[in-house]
Amino acid sequence: MKRILVTGGAGFIGSHLCERLLDAGHEVLCVDNFYTGARRNVAHLMGHPAFELMRHDVTFPLFVEVDEIYNLACPASPIHYQYDPVQTTKTSVHGAINMLGLAKRRRAKIFQASTSEVYGDPTMHPQREEYWGNVNPIGLRSCYDEGKRCAETLFFDYHRQHKVRIKVARIFNTYGPRMHPNDGRVVSNFIVQALKNQPITLYGHGEQTRSFCFVDDLVEAILRLMATGDEVTGPVNLGNPGEFTIRALAEAVIRLTGSSSQIEFRPLPSDDPQQRQPDIALARNMLGWEPAIGLEAGLVRTIAYFDELLRNDAA
Ligand SMILES: NC(=O)c1ccc[n+]([C@@H]2O[C@H](COP(=O)([O-])OP(=O)(O)OC[C@H]3O[C@@H](n4cnc5c(N)ncnc54)[C@H](O)[C@@H]3O)[C@@H](O)[C@H]2O)c1
């Protein structure tokens, strides 16, 4: 049994990770400032004897006794990370420094939730880990993209300079129950709009493609990455390579919810990548992993979650 710190543990991915770690018999310290996360995401874990929830902002140092750290704290959707861009960069950069400092002192292994956004608007498809990216350093998304890139730099420098054991994953679009209902991310947006029978807002012509990974698949990959030998540092792409146009996603959501919603087209925001598809060859070889849950099966479970959430909110 290990003592494991999960930063951003009350968020979407973090809450699923906390669950899996508790199921595996570990002690979990969930740290979150509830910026985008919510107590309700971990409410079902509160009675668990091995679970502890702490309100804390990772931009400030933290001194706790832990064996492993999963660093997920960071708003992940453009609406939230652009709301306070300076805080977003601080969360990525100061958060990484504080968590790496803790890992160094405790000799703890540390995981970083990096992102496909480090590839920016890629000129190479699909993106492999060797690709350095095509990132605008001064745009509206830069607080997130460059913050995460700097965090990766810090992880590798702590590894080279201080021998910290690191595991860096570049996560591609992930979806599932407990996504924030108002975060403007495409899957949650479409589902909430469809359940309310409102128009489905589609940016551009809907021909831009995305790959969508169900959260259970992603958490499985994160756990496998953490279990690899110390020589494995990443970065490793984690995502589902199945590629869908945004328009096909909208149509699937309308069909699966039985909604009467119509698709409404809007202008494309700046710096929105045209295509985003992970090359997961490295994860396949190294982790013996690949996503097992198809888009339709994942959407059904996500729709069920949002349906209940909206009913409770309305009650
Ligand atoms: N969901 C995706 O598709 C995706 C894709 C790529 C990378 N990621 C990364 O995975 C991680 C988790 O993403 P998510 O989708 O669960 O997002 P989320 O917003 O649901 O979770 C992030 C959590 O971090 C917390 N947080 C934010 N700033 C903090 C701070 N300064 N101190 C402490 N806690 C703070 C939030 O309150 C929230 O609970 C993030 O680092 C994100 O960048 C997610």
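# Close-up views of a predicted model

**View 1. Helix α3 bends by about 25° at T91.** That bend is the angle between one axis fitted to the seven residues ending at T91 and another fitted to the seven starting there. This is a predicted model, so local features need pLDDT of at least 70 and side-chain atom pairs pLDDT 80 or more, while totals for chains, interfaces and linings use all residues. Residues are numbered from 1 along each chain as its sequence is written, and side-chain values use heavy atoms, with hydrogens and water left out. Helices (H or I, at least four residues) and strands (E, at least two) are DSSP runs numbered from the N terminus. How far apart should the ends of α3 be at 1.5 Å a residue? The 22 residues of α3 (residues 85-106) should span 32 Å, and the C-alpha atoms at its ends are 31 Å apart, so the two agree. (The expected span is 1.5 Å times one less than the number of residues.) Just after α3 comes R107, with a positive phi near 55°.

**View 2. Let's zoom in on I97, a residue of helix α3.** Is I97 buried or exposed? Neither, quite: I97 counts as partly exposed because its relative accessibility is 36%. Buried means under 20% relative accessible area, exposed over 50%, and partly exposed in between, using a 1.4 Å probe and protein chains only. Skipping neighbours within four places in sequence, I97 is in contact (heavy atoms within 4.5 Å) with L154 and Y158. P291 sits 194 residues away from I97 along the chain, and their C-alpha atoms are separated by 31 Å.

**View 3. Strand β6 (residues 166-171) is mostly covered, with six of its six residues buried.** In a regular strand, side chains alternate between the two faces of the sheet. On β6, one side carries I166, V168 and R170 and the other K167, A169 and I171, and all of these are buried. Who are the pairing partners of β6? Strand β5 (residues 109-115) pairs with β6 in the parallel sense over six bridges, and F111 has K167 as its bridge partner. Strand β11 (residues 236-238) and β6 also pair in the parallel sense, over three bridges; here R170 is matched with N237. (Strands pair if DSSP finds at least two bridges between them.) Follow the chain through β5, helix α4 (residues 142-162) and β6, and you trace a right-handed β-α-β unit.

**View 4. The largest nonpolar core has 64 residues.** A nonpolar core is a set of buried Ala, Val, Leu, Ile, Met, Phe, Trp, Tyr and Cys residues joined through side-chain atoms within 4.5 Å. Y70, L238 and L299 have the most contacts inside this core. Helix α6 (residues 215-226) gives the most to it, with eight residues. Leaving out residues up to four places away in sequence, L299 touches Y175, V187, I191, L249, A252, V253 and L256. A second, separate core has 25 residues, including L5, V64, A96 and A151.

**View 5. Some backbone oddities turn up in the loops.** Most residues other than glycine have a negative phi, and most peptide bonds are trans. Between H125 and P126, though, the peptide bond is cis, with omega about -20°; P126 is in the loop between β5 and α4. Another cis bond runs from G234 to P235, with omega near 0°, and P235 lies in the loop between α6 and β11. F34 isn't a glycine, yet its phi is positive, about 60°. Its relative accessibility is 15%, so F34 counts as buried.

Conventions
A crossover is right-handed if, with the strands pointing away from the viewer, the path from the first strand over the helix to the second runs clockwise.
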